[in-house]
Amino acid sequence: MNYSRPLSTASVGWSQNLSSVRPKSMLRRMCFKLRCLLLENWRRGWVLLLWIMAMATLFVWKFMQYKNRAAFQVMGYCLCTAKGSAETLKLNMALILLPVCRNTLTWLRSTKARSFVPFDDSINFHKTIACAIAIGVLVHGGSHLACDFIRLTNAPPEKFALIASDFSHGKRPTYLELLISILGITGIAMVVFMAIAFILATSHFRRNILRFPAPFNRLTGFNAFWYSHHLLGLVYILLVIHGTFLYLSHQWYQRSTWMYIAVPLLLYMGERTVRACRAEHYSVKIFKVSVLPGDVFSMVMSKPQGFKYKSGQYIFLQCPSISPFEWHPFSITSAPGDEYLSVHIRTVGDWTKELKRVFTEVNNSPFVIGRARFGGPGYIDNNCQPKLLVDGPYGAPAQDYRNYDVLLLVGLGIGATPFISILRDLLNNSRPEDQMDLATEMSRSDDSWNSLASSNYTANSSLTIGGKKKSPPRTRNAYFYWVTRESGSFEWFKGVMDEVAEMDHKGQIELHNYLTSVYEEGDARSTLITMVQALNHAKHGVDILSGTRVRTHFARPNWKEVFRKIASKHPHATV
């Protein structure tokens, strides 16, 4: 009855050592939590603090600058507030481009900057800046439309005379003339375009949570988010025009909008150009497509020449026959040493469903469907393939796994994909030489097809590079917890799990499958399946639920026990 429990329930051996891990007094526990909070968030904290201080400094500087001008006598603090918020808008319109420069961020992840800059939060920072821009637009536009425009058009002649030289023919403009001027038209157009992009980028619209009748249903989903974001290209053009025709600034250096956005905009445009050129170069050949349970299919494709990546990174795929504009990200499930690329894709949207149909339902298709047997790479006639383009690789949090002694990999459903690549890489690096022939032989089995290139690469590779010995990997142990609702999901990575169970004689990798659709361990309703599961594994060495040698636990993991177990087992390691 304890068949599925040993790896998730505290045993006497290690539970006795927990006294050294748990802080005893309330004060020490509070200090420990505060220390953990600081360790977890100090990088986010200093970046946000620097950003807020920069905005505050620019706002105050521009506010005081206009407070000392003659225009302050006419429009008062409304003008100062509008100009101060405009200066923060310039900064944020420049900064918002940096978190989406994927190639630059991927390169920076490999530098020492990763130790003090939270690159994993780049999209969150992008969203935070977008919210600051929205606030800045409201303050800037509201101050103009509801305050200083009104004060300007109603100003007494003697006060308007102080700034009459800033307007054409020294004539005081009307409210309507201000609205239909170049500044007014470009400002209103920018607000409209940004409002559309901002609204359609919110989670309710982007994730199809909101349901509208046709044809308004096209306003929701990823496509609406993607295409509406391209309106921001027009926003930047209008921003430069808006910043050029200012009323109260005459010198070129006072019209500083272009100074803020020039470098980030050129960097982003360069990135988009590189991505477009690289995508055409990275056209891949499909070796194998397999339809798996749970609306998932896997694709094994050729690795483009010069394509180098790290485990945990992701790529973008485009199928021009479906859409010449749409790119969708997927984690790489093959290892860097493999001679191919593989991804596992869940069909949750119209694009992924269409991709599956294109590659599996073509008449006389040479691709594998279901569990059909497959000969190997080079078997397919590539002339009849739909074109598939690859862009990447791009950095992700999981790629830094080599910086740790012990790994705790937690995947929910299809979210386990980046960790499969890490497991493959760890297995390739940990295989001793006397296991090479066994690994190559095993790779020829049907369930382990995906490990073919990995085994061949490892068997053929040398332990030296350019006459120098490889530095031993820092990672010593890995614990993989895969939580899923459907037992059919275990088919997705069956070959990898069998390979780990077969080849990892050192016990460096522990695999834990959790099936949440079965009642928790110890519940009388799961007693029968636990008995059958234990008997089958004892007789055949195979788990009846996963179909692999990896045992399946029931319900959700007890994370507190899992954390304590790893902390106790590796007291001086970086986890």
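Student: What makes β2 and strand β3 (residues 296–302) a pair?

Tutor: Two strands pair if DSSP finds at least two bridges between them. β2 and β3 are joined over six bridges in the antiparallel sense, so the condition of at least two is met. Strands here are DSSP runs of E with at least two residues, and helices are runs of H or I with at least four, numbered from the N terminus. The model is predicted, so local features need pLDDT of at least 70 and side-chain atom pairs count only at pLDDT 80 or more, while totals for chains, interfaces and linings use all residues. Residues are numbered from 1 along each chain as its sequence is written, and side-chain values use heavy atoms, with hydrogens and water left out.

Student: Which residue in β3 stands opposite S290?

Tutor: S298 in β3 is the residue opposite S290.

Student: Why is one side of β2 (286–292) and of β6 (340–346) left without a neighbour in the sheet?

Tutor: The open sheet has the order β2-β3-β6, with antiparallel pairing. β2 and β6 stand at its edges and each has a single partner strand, so one side of each lacks a neighbour in the sheet.

Student: Why is α2 called roughly parallel to α5?

Tutor: Helix α2 (residues 26–67) and helix α5 (residues 122–153) pack at an angle of about 25 degrees. Angles under 35 degrees count as roughly parallel, over 145 as roughly antiparallel, 65 to 115 as roughly perpendicular and the rest as oblique. Therefore α2 is roughly parallel to α5.

Methods: Axes are lines fitted to C-alpha atoms, for helices over the stretch in contact, and angles run from 0 to 180 degrees between N-to-C directions.
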